[in-house]
Every structure is written in structure tokens, then in C-alpha cells.
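Biologist: Could you take me through this structure before I return to the bench? I would like to begin with the overall layout and then turn to details.

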Amino acid sequence: MDNGGNGNCFQINRLPQVVFLSILSYLDVKNLGRASCVSKHWYNSTLDPCLWRRLKLQKRQLVNSEVLVRITNYGSSTATVLDVSECPNITEEGLLMALRQCRYLVELYVGRCPAVTDKCLAEMGQSCKNIKLLDISLCLGVTDSGVKEVSLPCYLYFLCFYRVVKTRVEVWEN
């Protein structure tokens with residue numbers, strides 16, 4: 001084995017695939033995309049669905065609807081966490097398309113995301129029935145009816161709707 005004359009050279013591509021995927025699992029979405037450019041082996045490895053279970057995209061100015069739909073397509077069958085909080089360039093239709101691809105979501109963070117409306121929450125309730133944690137803080141397009149539409153079919157354990165101004169707490173105390 002030629003390793004350039006250095007007997008201590010570590011060759012990451014010779015690791016077992018499960019170990020390599022474990023290492024890649026520590027990367028966020030942005031760096032996972034960068035890693036996919038290293039080689040064909042790395043590209044194929046980054047497509048593994050286990051790496052796309054936790055999609056944390058919060059506060060990304062460059063994430064728009066097209067990017068969101070493309071990213072959720074990778075982990076469509078396994079994504080359990082999606083965080084698009086404070087992503088101002090996502091449209092309602094883009095978010096809805098992404099949610100249709102992520103039917104197994106358990107946690108959804110959409111705080112201060114302008115795409116979240118009552119219509120969007122109603123569709124969430126129908127297509128993502130496994131959601132247990134939902135953060136819709138500071139979503140200005142949400143009212144009582146939207147919160148009700150998502151909470152009834154989802155059996156939420158945790159709902160954060162901090163400063164959602166068009167809702168009344170007394171509606172949810174029953």
C-alpha cells in the first residue's frame with residue numbers, strides 16, 4: 001500500500017461504511033452538501049437517508065422554497081425533524097410541498113416563518129400526523145382556527161405559539 005512514504009497516513013475512505021456515515025452524521029446540512037463534492041464515494045455516502053433525518057435550516061437567508069423542496073426530497077421517507085425558523089424566503093406553497101415529502105416528521109420548527117398560515121397548518125395536520133412538537137412562534141398569519149386544524153389530528157405534546165397575536169389562550173384551555 002502506497003501512502004506517500006508516511007506510515008501514519010489515515011485513509012478515511014477505507015473505513016467501514018457504517019463508521020463513515022456515523023462521522024458524516026455530525027455535519028449540518030450545509031457542510032453535508034460540501035462533503036458531497038469531495039469524491040464520488042463521499043457523494044454517494046451523503047445521499048444515505050439516515051443523514052437526512054434532522055434537517056436544521058434555521059436562520060438561513062439563502063434557503064428558499066426550491067432549496068427546501070430539494071433538501072426534503074433527500075430525506076423524504078426518514079426526516080423526523082425540520083427546522084425552518086426565521087427562513088424568510090420560503091413561500092407557503094414551498095413549505096407545503098416540503099411537508100408533503102416529510103410525512104414522518106415528529107418535530108417541526110417554523111417560528112417567524114412568513115410561509116406559515118392557517119391553510120398551511122391545516123395541511124400539516126392532514127399530511128404530517130406524527131408531529132408531536134410544533135413551534136409556530138411569531139407566525140403572523142396564524143389564527144385559532146389554524147392552530148385547531150393542526151392540533152386535532154396530530155396529538156401534539158408540545159405547542160409553542162409565543163406571540164401568535166390572533167389566537168386566544170382561553171380557546172385551548174378546554
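Modeller: The following exchange goes from the overall layout to the sheet, an aromatic pair, the pockets and one helix. Please keep in mind that this is a predicted model.

Biologist: Understood. How many helices and strands are there in the protein?

Modeller: The protein has eight helices and five strands. Read from the N terminus, the elements follow the order α-α-α-β-α-β-α-β-α-β-α-β-α.

Biologist: And what share of the residues counts as buried?

Modeller: Of the 174 residues, 40% count as buried.

Biologist: What is the order of the strands in the sheet?

Modeller: The five strands form an open sheet in the order β1-β2-β3-β4-β5, and their pairing is parallel. β1 (54-56) and β5 (158-160) are at the edges with a single partner strand each, so one side of each has no neighbour in the sheet. From one strand to the next, the twist averages 5 degrees.

Biologist: Staying with that edge, how many bridges join β4 to β5?

Modeller: Three bridges connect β4 (residues 133-135) with β5, and the two strands run parallel. In one of the pairings, L133 has F158 of β5 as its bridge partner.

Biologist: Changing topic: how many aromatic pairs does the structure hold?

Modeller: There is one aromatic pair. The ring centres of F20 and W42 are 5.1 Å apart and the ring planes stand at 65 degrees; since an angle over 60 degrees counts as edge-to-face, the pair belongs to that class.

Biologist: Where do F20 and W42 lie?

Modeller: F20 is in helix α1 (residues 17-24) and W42 is in helix α3 (residues 40-46), so the pair ties together parts that are 22 residues apart in sequence.

Biologist: Are F20 and W42 buried or exposed?

Modeller: Both F20 and W42 are buried. Helix α1 also contains L21, which is buried with a relative accessible area of 11%. The C-alpha atoms of L21 and W42 are separated by 9.6 Å, although the two residues are 21 apart along the chain.

Biologist: Now the pockets. What is the volume of the largest pocket?

Modeller: The largest pocket has a volume of about 480 Å³. It is lined by 18 residues, of which V29, K30, G33, V67 and I71 are the closest to its centre. Helices α2 (29-35), α3 and α4 (65-74) are the elements that each give two or more residues to this lining.

Biologist: Which classes of residue make up the lining of the largest pocket?

Modeller: That lining has eleven nonpolar, four polar and three charged residues.

Biologist: And what about the second largest pocket, which residues line it?

Modeller: Its lining consists of L24, S25, L27, D28, V29, L32, C50, L51, R53, R54 and K56. The volume of the second largest pocket is about 190 Å³. At least two lining residues come from α2, and at least two from β1. By class, six lining residues are nonpolar, one is polar and four are charged.

Biologist: One last topic: which residues are buried in helix α7?

Modeller: In α7 (residues 144-154), the buried residues are D144, G146, V147, V150, S151, P153 and C154. As general background, an α-helix has 3.6 residues a turn, so residues three or four places apart point the same way.

Biologist: What phi does Y155 take, just after α7?

Modeller: Y155 takes a positive phi of about 50 degrees.

Definitions and conventions:
Residues numbered from 1 in each chain as written. Predicted model: local features only at pLDDT ≥ 70, side-chain atom pairs only at ≥ 80, totals over all residues. Heavy atoms only, no water. Pairing = 2+ DSSP bridges. Helix = DSSP H or I, 4+ residues; strand = E, 2+ residues; numbered from the N terminus. Axes fitted to C-alpha atoms, helices over the stretch in contact; angles between N-to-C directions. Phe/Tyr/Trp six-rings, centres within 6.5 Å; stacked < 30°, edge-to-face > 60°. Buried < 20%, exposed > 50% of the residue type's maximum accessible area, 1.4 Å probe, protein only. 1 Å grid on protein atoms, 1.4 Å probe; cavity = no way out; pocket = protein on both sides within 12 Å on 5 of 7 lines; lining within 4 Å. Points joined across faces, edges and corners; volume = space filled by probe spheres on them. Nonpolar A, V, L, I, M, F, W, Y, C, P; charged D, E, K, R; others polar.
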